[in-house]
Amino acid sequence: MAQLLDEIEWGQAILPRYSDPAWEVEVKRRVGQVSEVDRRVASSPWVREVCVSMTSYRPVAMPQRLFNIGALVTAQENSCRYCYGANRAYMKILGYSESFISRIERDATLAELDEKERAFISFCRRLARSRPRPAKADHAALVALGFAPLAVSEMAMLIALGCYYNRIGILIACPPEHAFERVANSFLGRLMGPLMRMVMSMRQPAQPATLDAATLSDGPFGAVVATLAGLPGATIFKTALDGAFASAVLPRSVKALMFAVVARTLGCRTSEIEARKLLAAEDFSDDEIDSALLTLRSPRLSQHDASLLPWVRNTVYYQTPVVQKQTGALVAEIGHAAILEAIGVAALANATVRLAMLLE
Amino acid sequence: MTDPAAIWLVAALLALVAVLGAGLLALRHRARQLQRVLAVSQEKLEQLQREFEHFAPADVVEQLTGGQGIYVPRRRIVTMLFADLRGFTALCDRLDPAVAVDILNDYFRRMNAAITSHHGHINELVGDGLLALFGALEHNPWQGRDSVLAALDMRVELARYNEELRAKSLPELRFGIGIHSGEVVVGVMGAGALSKFTVTGDPINVASRVEGLTSVHKVDLLITEEIRSTLDDQFTLRRMPATAVKGKPEPIVTYYVEHISGPGSPDRASEALAGLGMRP
């Protein structure tokens, strides 16, 4: 069973805080406060943008209540102490009772939930875990239960983006938001809850523009992102993928290979094909790609980048303290800028390949 | 002057309210009792599940306890790693039983860490031997490579442990590891209380025989051709003479894994080999 909050082993922070006052002002304007994750990923324009965009996202096709529950369950399944603690505290502020939260995280029978909601929680757990990853048929099963197809796509997107954020939290070993957790669990928190809820409901963060399928299809992993046509969240995904592949911190071929490795780990043919297209554009032959995917090595990679393929594979299924230790060791080899970029790519690859369940 | 009928009516209403109130309180009390019982049951179930996870992989336990019915048996390509301590039975005769068990438990703890850090899990402990599986629970395209990396880490861990044993004037340990892969049936097998999650099929016998060949070839780590084909030139291998084994019509070709080198892969194994005195 998934670990509870106190059971998750959590290492020392891997990345220090990065000071960018202009960015902090922007974050405050958009989401109200600067989180510990925001401070530690601030040196990467695309990684920090995804983090802020997804925390300010409001669902358009699925109920807000399921959105909140889904974020908690996904963080728990991914064993992210940072996100799990923050989501749990946020739910307390929103007025969910301790016993309700506790029953969700213990996967206990929830009489308060109907069949559809229980099916949604099970879907969250299975997609986050992906052992094996759910498939298109699972999407159809949720639709058959009465969810709108767009709502199910938004659920898959929520979980995929949750997997992104959770991996950022885990791989940088972000220190938990203890102060926020303390307030949420305190008498003062309960007292101030209604006021805080009122302030939060008054804040209406700007949603990203909704792009059409043709625009979404244009770019890396366009086939996967296009499944989200009709949802503003699709723009977050597209901006993230475009930003990741446009960034010059790591070579484009390394990033495409990292996506291919995650695709192969999760057995996702669609994502592997998309990654191969990107590699072909970098003059990789089929044999070179096959060999890299067989051995997790490639003579085309520099010594500096060679360790990223075996490492990214470990970000799919992991034990939190082990992957944090492995990531910490990698910092010494490749430095802060490259590790943050690699963490962002690994997190995004895990999110994209999970989202590709909508296609196969 | 008050109408006695009205008094009786008020009294009756008050009595009704009192009865209803008492009834509600009793129901609330009962509901709380039931909630407590449910919480205790849930806690016991969780405790049981966690205990059960010592005997079977967590994913399998969850499938069995999560109302998803029996774990459906399936055919999969799985890599099997057998490791056996050399001469430990004889050592047990000389050592205090508590010390022998402590040494064995420490050894298993270290080997388990090496195996799980490379995506494997220990499926079985038999005396001083262990069977680890790679790719039994989830799709793993790199299971051959993982098993060899795990074995190399086991070698390093054993060397470290032997240093500790030496410092305490305790006898050192030596092991033999055999690795092979092939299609097996994976599932929960057995009857009633004796059921367990395991694998069955001819490849498991081959893996066991290969482990036995480590004594014949006087090396600590042998792999079969199936595993060799998954490795690149980062791994330094030495081909061993084809050797006949029980139950196989043809002699088996095995490879001794010397070490791994290359970027990001420090040659820790060679260092460990020297510590073990295992270089043939």
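**A hairpin, two chains and two cores**

Hi everyone, let me start with a small detail: in chain B, Gly190(B) takes a positive phi near 120°, and this glycine belongs to the hairpin of strand 4 of chain B and strand 5 of chain B, with six residues between the strands. Before I go further, please keep in mind that this is a predicted model.

Let's stay with that hairpin for a moment. Strand 4 covers residues 175-189 of chain B, and five bridges join it to strand 5 of chain B, the two running antiparallel. One pairing to look up on your screen is Val186(B), whose bridge partner in strand 5 of chain B is Val199(B).

Now, which residues of strand 5 of chain B point to the buried face? Strand 5 spans residues 196-200, and its side chains alternate along the way. Phe197(B) and Val199(B) point to one face and are buried, while Lys196(B), Thr198(B) and Thr200(B) point to the other and are not. Val199(B), then, is both a buried residue and the partner of Val186(B).

Let me zoom out to the whole of chain B. There are eight helices and eight strands in it. Of its 280 residues, 31% are buried. If you take contacts in chain B between residues at least 6 apart in sequence, 66% of them join residues at least 24 apart. The domain assignment splits chain B into domain 1 (1-52) and domain 2 (70-276), and the C-alpha centres of those two domains lie 61 Å apart.

Over to chain A. What does its secondary structure contain? Chain A has 21 helices and zero strands. The radius of gyration of chain A is 20 Å, close to the 21 Å that the globule rule gives for 360 residues, so chain A is as compact as a globular protein of that length. If you like boxes, the C-alpha atoms of chain A fill one of roughly 60 × 45 × 40 Å along the principal axes. Buried residues make up 48% of the 360 residues in this chain. For contacts in chain A with a separation of 6 or more, residues 24 or more positions apart account for 74%.

Chain A also has two assigned domains, domain 1 (5-202) and domain 2 (213-358). Their C-alpha centres lie 23 Å apart. Across the boundary, 44 residues of domain 1 of chain A are in contact with 38 residues of domain 2 of chain A. On the domain 1 side, helix 3 (45-55), helix 8 (136-144) and helix 9 (149-171) each supply at least two residues. Which helix gives the most to that side? Helix 9 of chain A does, with 14 residues. By residue type, this side of domain 1 of chain A divides into 30 nonpolar, eight polar and six charged.

On to the cores. In soluble globular proteins, nonpolar side chains tend to be buried together. Here, the largest nonpolar core has 111 residues, and those with the most contacts inside it include Ala156(A), Tyr164(A), Ile168(A) and Met258(A). Helix 9 of chain A again comes up, giving the most to this core, with 15 residues. The core draws at least three residues from each of domain 1 and domain 2 of chain A. As an example, leaving out residues up to four places away in sequence, Ile168(A) touches Val37(A), Val41(A), Cys51(A), Ile343(A) and Ala347(A). Apart from this core lies another, of 47 residues, among them Leu130(B), Ile177(B), Val210(B) and Tyr255(B).

How do the chains meet? 16 residues of chain A are in contact with 15 residues of chain B. The chain A side of that contact divides into seven nonpolar, four polar and five charged residues.

Finally, some backbone spots in chain A for the geometry fans. The peptide bond from Arg131(A) to Pro132(A) is cis, with omega near 0°, and Pro132(A) sits in the loop between helix 7 (115-129) and helix 8 of chain A. Ala173(A), in the loop between helix 9 and helix 10 (178-185) of chain A, has a positive phi near 50°. Why does Ala173(A) count as buried? Because it has 22 C-beta neighbours inside 10 Å, where 20 or more is the cut-off. Phe221(A) has a positive phi too, near 55°, and lies in the loop between helix 12 (213-217) and helix 13 (222-225) of chain A. With 30 C-beta neighbours inside 10 Å, Phe221(A) also counts as buried.

Thanks for listening!

Key:
Residues numbered from 1 in each chain as written. Chains lettered and ligands numbered in written order. Predicted model: local features only at pLDDT ≥ 70, side-chain atom pairs only at ≥ 80, totals over all residues. Domains from an automatic or database assignment. Contact = placed C-beta atoms within 7 Å. Helix = DSSP H or I, 4+ residues; strand = E, 2+ residues; numbered from the N terminus. Nonpolar A, V, L, I, M, F, W, Y, C, P; charged D, E, K, R; others polar. Core = buried A, V, L, I, M, F, W, Y, C linked by C-beta atoms within 7 Å. Buried ≥ 20, exposed ≤ 12 C-beta atoms within 10 Å, placed from the backbone. Rg over C-alpha atoms; globule rule 2.2 N^0.38 Å. Pairing = 2+ DSSP bridges.
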